[in-house]
Amino acid sequence: DAGVFAGARWLHLTGITPALSKAAGAATIRARDVARDAGLQVSLDINLRRRLWSDAAAAPTLRDLTAGVDLVLGSPDELAVLADADAHADPAELAAAVLTLGPGTVVAKLGPDGAVGLEAGATPALVPAVAVPVVVDPVGAGDAFCAGFIAGRLDGVDLETALRMGNGCGALAVAAVGDQAGLPDRAELGRLLAGGGADTLR
């Protein structure tokens, strides 16, 4: 319904949903459009699951979604599918190629190498990862990054600060077992970003 997002500020979509069925894909597009009409910011985590569909099958749908969102996040190999480019290309170049599809911001998640963010008309911002001496469980790191980044943007921080928040959430996520147990509260994230390593917090 048109009023479903009343009072909301942000809609976060995942590329997994449209891979599930045609109906799920249509619902994802509809949700994006209703959210945009309601004035929300809309983001897409590409989240390409190759067990659900091939790159060739995913690309048109994901490009369609990308054309109507404000923010796209993905690993270099995922951005390459949208950009129809070599997955080994420079992440900033891949982000720039995806930017031409319509979003205002593109983020390349680089895991232990940090993240690159690019906004329309600006130069890329590369923020190194937070060092994690021992990765306890990598599951959920990408989602944690997205959560931290979006939280920062909702708070009105700049791109580089949001990337740092995303990196911090990802680091704390891999320092605990499970895909949600490691997610920090604001105080814990603040301590990490102020210089307390993930190994001292967990």
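**Surface patch**

V134, V136 and V177 make a nonpolar surface patch of about 280 Å². Such a patch joins nonpolar side chains within 5 Å, from residues with over 30% relative accessible area and no salt bridge (a side-chain nitrogen of Lys or Arg within 4 Å of a carboxyl oxygen of Asp or Glu). Areas come from the Shrake-Rupley method with a 1.4 Å probe. V134 is exposed (over 50% relative accessible area), at 57%. V134 sits in the loop between β6 (125–127) and α6 (141–154).

**Basis of the model**

This is a predicted model, in which local features need pLDDT of at least 70 and side-chain atom pairs count only at pLDDT 80 or more, while totals for chains, interfaces and linings use all residues. Residues are numbered from 1 along each chain, and side-chain values use heavy atoms, without hydrogens and water.

**Helix α4**

Of the 8 residues of α4 (residues 76–83), 6 are buried (under 20% relative accessible area). They are P76, E78, L79, A80, V81 and L82. Their cover includes α3 (55–66), β3 (71–74), α5 (91–99) and β4 (105–109). Helices are DSSP runs of H or I with at least four residues, and strands are runs of E with at least two. Just after α4, D84 has a positive phi of about 50°.

**Nonpolar cores**

The largest nonpolar core (buried nonpolar residues joined through side-chain atoms within 4.5 Å) has 34 residues, and L48 and L79 are among those with the most contacts inside it. Helix α5 gives the largest share of this core, 5 residues. A second, separate core of 14 residues includes V107, A125, F149 and L159.

Terms used: Buried means under 20% relative accessible area, exposed over 50%, partly exposed in between (1.4 Å probe, protein chains only). Contact means heavy atoms within 4.5 Å. Patches are made of residues with over 30% relative accessible area and no salt bridge: like charges are joined within 9 Å, nonpolar side chains (Val, Leu, Ile, Met, Phe, Trp, Tyr) within 5 Å.
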